[in-house]
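Welcome, and please load the model in your viewer. We will move from one selection to the next, with a short note at each stop.

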Amino acid sequence: MARRIDVTGAGGVRLAAWEFGDPPKTDPAPDQGPAETEPTPGVLLLHGLMGRASHWASTARWLSGRHRAVALDQRGHGQSEKPPRAAYTREAYVEDAEAVLEQLGLTPAVLIGHAMGALTAWQLAAKRPDLVRGLIICDMRASALGAASQREWENWFKAWPVPFATLADVRKWFGEDDPWVERPNSSRGEFYAEVMHESPDGWRPVFEPEQMLESRETWVYDAHWEELTQVQCPALVVRGLDGELGRAEAQEMVRVLPRGQYAEVADAGHLVHYDQPEAWRAAIEPFLDGLLTDLKG
C-alpha cells in the first residue's frame, strides 16, 4: 500500500507525501474513558539529495506499526514539483518540511533524515522546537565540504552515461562501474534504479542534475554546527562504518547536541538504511522506544 498525499510547500510548490503502511489503530487510554484516545505519534522521513520518498518504504512500513509515518518527496525530487525557477535554498527545504508537519497534523513529530534530509531535519528542529519531539540524523556531516566537493559532483554528473538502455544497466553502472564505487555494491545500484524513469530514448533520472547542484550549493560551503547546538529534543546520530560521516565528527556532533546519542551500523556505507535495513532498524529502535515511553509517561 502506498498512499499519496498532496501538500503545498514554500512558495506554492506542490509536494507529494507518501504513507507506505496504515497507521496503527488507537485504543482508548485506560484512565481517560471511551472518548479519549492515546495520540498516534507522527514521523516525517526526509530523503537525501537525489533520493525520493520510496527509498524509505521499508522503514516507513516498519514504523507504521506504532506511528503515523509519512515520507516526503522533497522539491525537485520524486513526484514533487520541479519548477525551474523555484527556490532550491536551505530555507525552502526547511519550510517545506515545516508545512508538511503542520498540514498533515503530525506534530510534535520525530524527524528522520538521511544526508541532506538530515540537515533539513536538524535545521527545522532548531527553528521550530515546538514541532519536533525527536530527531534521527543519518550519515550527514556538520562540517563545510567546500568548493572542491562541489566541483567533484559537477564532474560526476557529467560522467553519467545517460540515457541508460535498461534498468539493469543503471544497476550495473551505479553498483559496479561508477568511478565512485570502491567495491561492487548491489544496494547502491538498486538505490539509483529507484530514481530513474523511462523516457523515449532510455532511462533518465527523475530529477534535473542542475537543480540538484543548485540545492547542494546552498549548504556545502557552510558548517552547520551552530544549528546542532539549538536542537532541544533528543537526537540520535547514526553512521555507517564505511559512510561519509567519520566517527570523530559523528561523536563531536553528539557532544554538541544538547541531548545527543550515537549509533553506528557495521558493513554499511552512506546508504545505511539501504545497505543494512535490519541493522538500521536495530540501531534506531531503542531511541524510538525511549521517545514513545516519554510520550506515554
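Start by selecting Leu245, which counts as buried because its relative accessibility is 0%; buried means under 20% relative accessible area, exposed over 50% and partly exposed in between, with a 1.4 Å probe and protein chains only. You are looking at a predicted model, where local features need pLDDT of at least 70 and side-chain atom pairs count only at pLDDT 80 or more, while totals for chains, interfaces and linings use all residues. Residues are numbered from 1 along each chain as its sequence is written, and side-chain values use heavy atoms, with hydrogens and water left out.

**Around Leu245**

Leu245 sits in the loop between strand S9 (235-240) and helix H9 (247-256). Helices (H or I, at least four residues) and strands (E, at least two) are DSSP runs, numbered from the N terminus. Now show what surrounds this side chain, taking contact to mean heavy atoms within 4.5 Å. Leaving aside neighbours within four places in sequence, Leu245 is in contact with Asp139, Met140, Arg141, Val237, Val238, Arg239, Gly240, Ala250 and Met253. Try a distance label to Cys138 as well: Leu245 and Cys138 are 107 residues apart in sequence, and their C-alpha atoms are 8.9 Å apart in space.

**Two aspartates with positive phi**

From that contact list, pick Asp139. Asp139 lies in the loop between strand S6 (132-138) and H4. Asp139 is not a glycine, yet its phi is positive, about 50 degrees. Is Asp139 buried or exposed? Asp139 counts as buried, at 2% relative accessibility.

Next, go to Asp267, in the loop between strand S10 (260-265) and H10. Asp267 also is no glycine and has a positive phi, about 55 degrees. Asp267 counts as exposed, because its relative accessibility is 62%.

**Val265 in strand S10**

Select Val265, which belongs to strand S10. Val265 is buried, with a relative accessible area of 1%. Which residues does Val265 contact, leaving aside its neighbours within four places in sequence? They are Val238, Arg239, Gly240, Leu241, Val272, Gln276, Ala279, Trp280 and Ala283. Val238 is worth highlighting here, since Leu245 is in contact with Val238 and Val265 is in contact with Val238 too. For a longer ruler line, join Val265 to Ala53: they are 212 residues apart in sequence and 22 Å apart in space, C-alpha to C-alpha.

**The nonpolar cores**

In soluble globular proteins, nonpolar side chains tend to be buried together. A nonpolar core here is a set of buried Ala, Val, Leu, Ile, Met, Phe, Trp, Tyr and Cys residues joined through side-chain atoms within 4.5 Å. The largest one has 68 residues, and Met50, Trp122, Leu135, Ile137 and Trp160 touch the most other members. Helix H3 (residues 116-127) gives this core its largest share, eight residues. A second, separate core holds 28 residues, including Ala16, Phe20, Val110 and Val238.

Zoom in on Met50 and display its partners. Not counting residues up to four places away in sequence, Met50 touches His77, Trp153, Trp156, Phe157, Trp160, Tyr192, Val195, Phe207 and Met212.

**Helix H6 and its cover**

Tyr192, one of the partners of Met50, is also one of the buried residues of H6. Select the whole of helix H6 (residues 186-193): six of its eight residues are buried, so H6 is largely enclosed by the rest of the structure. The buried ones are Ser187, Arg188, Gly189, Phe191, Tyr192 and Ala193. To see what covers them, colour helix H4 (146-159), helix H5 (167-177), strand S7 (196-199) and helix H10 (272-275), which are included in that cover.

**Two cis peptide bonds**

Select Thr107 and Pro108, which are joined by a cis peptide bond with omega of about -15 degrees. Pro108 is in the loop between helix H2 (90-103) and strand S5 (109-114). Then move to Val162 and Pro163, where the peptide bond is also cis, with omega near 0 degrees. Pro163 is in the loop between H4 and H5.

**Zooming out**

Finish with the whole chain as a cartoon, and you have 11 helices and 10 strands in view. Along its principal axes, the C-alpha trace spans about 60 × 40 × 35 Å. Of the 297 residues, 54% are buried. Among contacts with a separation of 6 or more, 71% are between residues 24 or more positions apart.
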